[in-house]
Amino acid sequence: MSTATADARSGAVLADLLPSSRVRDVALVLGGAALTGLAAQLSVPVPGSPVPVTGQTFAALLVGTTLGAGRGLLALALYALAGIAGVPWFAEGGSGTAAPSLGYVFGMLLAAAVVGALARRGADRSVLRTAGTMILGEAIIYAIGVPYLALATGMSASAAIAAGLTPFLIGDALKAALAMGVLPTTWKLVNNR
Ligand SMILES: O=C(O)CCCC[C@@H]1SC[C@@H]2NC(=O)N[C@@H]21
């Protein structure tokens with residue numbers, strides 16, 4: 001698809017607006033993994049919880065929506081596998097499999113694929129649709145992250161929700177709001193070129 005024809009009607013994601021090549025796709029996957037690793041270092045500890053506030057949810061959902069399901073999944077899979085293998089780019093410079101927050105990383109993998117598939121159907125083109133996409137993506141991250149946290153720490157379900165969901169709702173809503181500004185605005189600029 002040429003850059004000129006990749007508009008709101010064409011089933012494109014934002015990354016498709018770049019000239020098509022294998023090198024582009026490899027660079028996007030590497031860049032998506034690196035962006036998520038950088039965002040993980042934007043990390044604020046939460047008192048009483050082993051899970052910090054991080055920039056990862058924003059990065060992972062942005063990577064999914066802008067790259068699409070296939071490349072988004074590959075980027076997050078690379079991020080997860082390299083982190084497990086020892087690259088210190090999980091939250092707070094972490095790596096390996098010991099952290100009870102690893103389930104959120106697995107959730108980001110699935111969420112990136114789902115929001116990427118939705119973005120190809122136009123789910124990042126308006127503020128309202130982007131809101132729904134971000135809420136679904138975050139719900140997927142928590143649906144894997146919170147049970148994993150409970151299993152890894154032995155917490156009860158209610159304790160895992162109190163430590164692994166409730167403290168993050170406002171921050172994740174702000175990150176979703178940021179995406180609701182950035183994605184539809186970018187599409188508007190692209191389509192008005
Ligand atoms: O150990 C890791 O690298 C994963 C950290 C996961 C942080 C989770 S993601 C959902 C929630 N929102 C945040 O800002 N932090 C937690």
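Q: What makes the pair formed by alanine 91 and the ligand a polar contact?
A: In this predicted model, a backbone N or O atom of alanine 91 lies 2.8 Å from an oxygen atom of the ligand. The cut-off for a pair of N or O atoms is 3.5 Å, and 2.8 Å falls within it, so the pair counts.

Q: How do you know that serine 101 makes a polar contact with the ligand too?
A: Run the check again with the side chain of serine 101: one of its N or O atoms is 2.6 Å from an oxygen atom of the ligand. That is within 3.5 Å, so this pair passes as well.

Q: And what makes aspartate 172 a polar partner of the ligand?
A: Here the ligand offers a nitrogen atom, 3.2 Å from an N or O atom in the side chain of aspartate 172. Since the limit is 3.5 Å, the pair counts.

Q: How much of the ligand does the protein cover?
A: On its own, the ligand has 420 Å² of accessible area, and the protein covers 99% of that.

Q: Which residues are the closest to the ligand?
A: Those are Pro52, Gln56, Ala91, Ser101 and Lys175, out of 16 residues that surround the ligand. They belong to the shell because a residue needs a heavy atom within 4 Å to count as near.

Q: Which elements supply at least two residues of that shell?
A: β2 (53-54), α2 (56-67), α4 (102-119) and α7 (169-191) do. α4 gives the most, with 3 residues.

Q: What kinds of residues make up the shell around the ligand?
A: It's a mix of 10 nonpolar, 4 polar and 2 charged residues.

Q: Where does the ligand sit, and how do you know?
A: It sits in the largest pocket. To earn that wording, more than half of the ligand's atoms must lie within 2 Å of the pocket's grid points, so the ligand meets that test.

Q: What is the volume of the largest pocket, and what lines it?
A: The volume is about 300 Å³. There are 23 lining residues, with Val51, Pro52, Thr54, Gln56 and Ser101 nearest the centre. Elements giving two or more residues to the lining are β2, α2, α4, α5 (127-153) and α7. α4 gives the most here, with 4 residues. By type, the lining divides into 14 nonpolar, 6 polar and 3 charged.

Q: Why does the phi of glutamate 92 catch the eye?
A: Its phi is positive, about 55°, although glutamate 92 is not a glycine. Most residues other than glycine have a negative phi. You'll find glutamate 92 in the loop between α3 (69-85) and α4.

Technical notes:
Residues numbered from 1 in each chain as written. Predicted model: local features only at pLDDT ≥ 70, side-chain atom pairs only at ≥ 80, totals over all residues. Heavy atoms only, no water. Polar contact = N/O pair within 3.5 Å; in protein donor to acceptor, adjacent residues only side chain to side chain. Areas by Shrake-Rupley, 256 points an atom, 1.4 Å probe, with all protein chains shown as cover. 1 Å grid on protein atoms, 1.4 Å probe; cavity = no way out; pocket = protein on both sides within 12 Å on 5 of 7 lines; lining within 4 Å. Nonpolar A, V, L, I, M, F, W, Y, C, P; charged D, E, K, R; others polar. Points joined across faces, edges and corners; volume = space filled by probe spheres on them.
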